[in-house]
Amino acid sequence: MPKIKTNRGAAKRFKKSASGRIKRGSAFTSHILTPKTTKRKRNLRGGAMVSDVDQKNISRLIPYK
């Protein structure tokens, strides 16, 4: 059985936590930051977990991570 290729775009965006859930970064943090408040930007720094609906599909994209 051949190995499964990792989706390189997904590998750069997602990481598996110790419990096996998938972590993601927040959106809206890369550009056009001047109109956003400092508080909003600070709260966007922290990551979040991927929702349960998307968990299965993303884990297929990053099988060995």
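1. Gln-55 caught my eye early on: in this predicted model, Gln-55 counts as buried, at 16% relative accessibility. Its place is in helix α3. Leaving aside residues up to four places away in sequence, Gln-55 touches Gly-20, Arg-21, Ile-22 and Val-50. Gln-55 counts as buried because the cut-off for that label is under 20% relative accessible area, and 16% falls below it.

2. One of those contacts of Gln-55, Arg-21, is worth following up. Arg-21 makes a salt bridge with Asp-52, with 3.5 Å between the closest N and O atoms. The pair ties together distant parts of the chain: Arg-21 is in the loop between β1 (14-16) and β2 (22-24), Asp-52 belongs to helix α3 (residues 52-61), and the two are 31 residues apart. The pair qualifies because the rule asks for a side-chain nitrogen of Lys or Arg within 4 Å of a carboxyl oxygen of Asp or Glu. By that rule the count for the model comes to one salt bridge.

3. How exposed or buried are the two partners, Arg-21 and Asp-52? Arg-21 is partly exposed, with a relative accessible area of 33%, while Asp-52 is exposed, at 61%. As for the pairing itself, side chains of opposite charge can pair when their charged atoms come close.

4. Now to Ile-62, in the segment after α3. Ile-62 is buried, and its relative accessible area is 0%. Not counting residues up to four places away in sequence, its contacts are Thr-6, Ala-10, Ala-11, Phe-14 and Lys-16. There is also a C-alpha separation to note: Ile-62 and Arg-13 are 10 Å apart by that yardstick, with their positions 49 residues apart along the chain.

5. Arg-13 turns up again with Arg-24, a residue of strand β2. C-alpha to C-alpha, Arg-24 and Arg-13 are 6.4 Å apart, and they are eleven residues apart in sequence. With residues up to four places away set aside, Arg-24 touches Arg-13 and Phe-14, as well as Gly-47, Ala-48, Met-49 and Val-50. Val-50 is therefore on the contact lists of both Arg-24 and Gln-55, contact here meaning heavy atoms within 4.5 Å. Arg-24 itself is partly exposed, with a relative accessible area of 35%.

6. Which residues form the positive surface patch? They are Arg-8, Lys-12, Arg-13, Lys-15, Lys-23 and Lys-65. Helix α1 (residues 8-13) gives the most to this patch, with three residues. Another member, Lys-23, is found in strand β2 and counts as partly exposed, at 39% relative accessibility. Lys-23 clears the accessibility cut-off because patch residues need over 30% relative accessible area, and 39% is over that.

7. Last, have a look at the backbone in the loop between β2 and α2 (38-45), where Phe-28 sits. Phe-28 has a positive phi of about 65° although it is not a glycine. Ile-32 is in that loop between β2 and α2 too, and has a positive phi of about 55°, again without being a glycine. Are these side chains' residues buried or exposed? Phe-28 counts as exposed, at 61% relative accessibility, and Ile-32 is exposed as well, with a relative accessible area of 56%.

Notes:
Residues numbered from 1 in each chain as written. Predicted model: local features only at pLDDT ≥ 70, side-chain atom pairs only at ≥ 80, totals over all residues. Heavy atoms only, no water. Helix = DSSP H or I, 4+ residues; strand = E, 2+ residues; numbered from the N terminus. Buried < 20%, exposed > 50% of the residue type's maximum accessible area, 1.4 Å probe, protein only. Patch = residues over 30% accessible without salt bridge, like charges linked within 9 Å, V, L, I, M, F, W, Y side chains within 5 Å. Areas by Shrake-Rupley, 256 points an atom, 1.4 Å probe, with all protein chains shown as cover. Lys, Arg positive; Asp, Glu negative; His and termini not counted. Charge placed at Lys NZ, Arg CZ, Asp CG, Glu CD.
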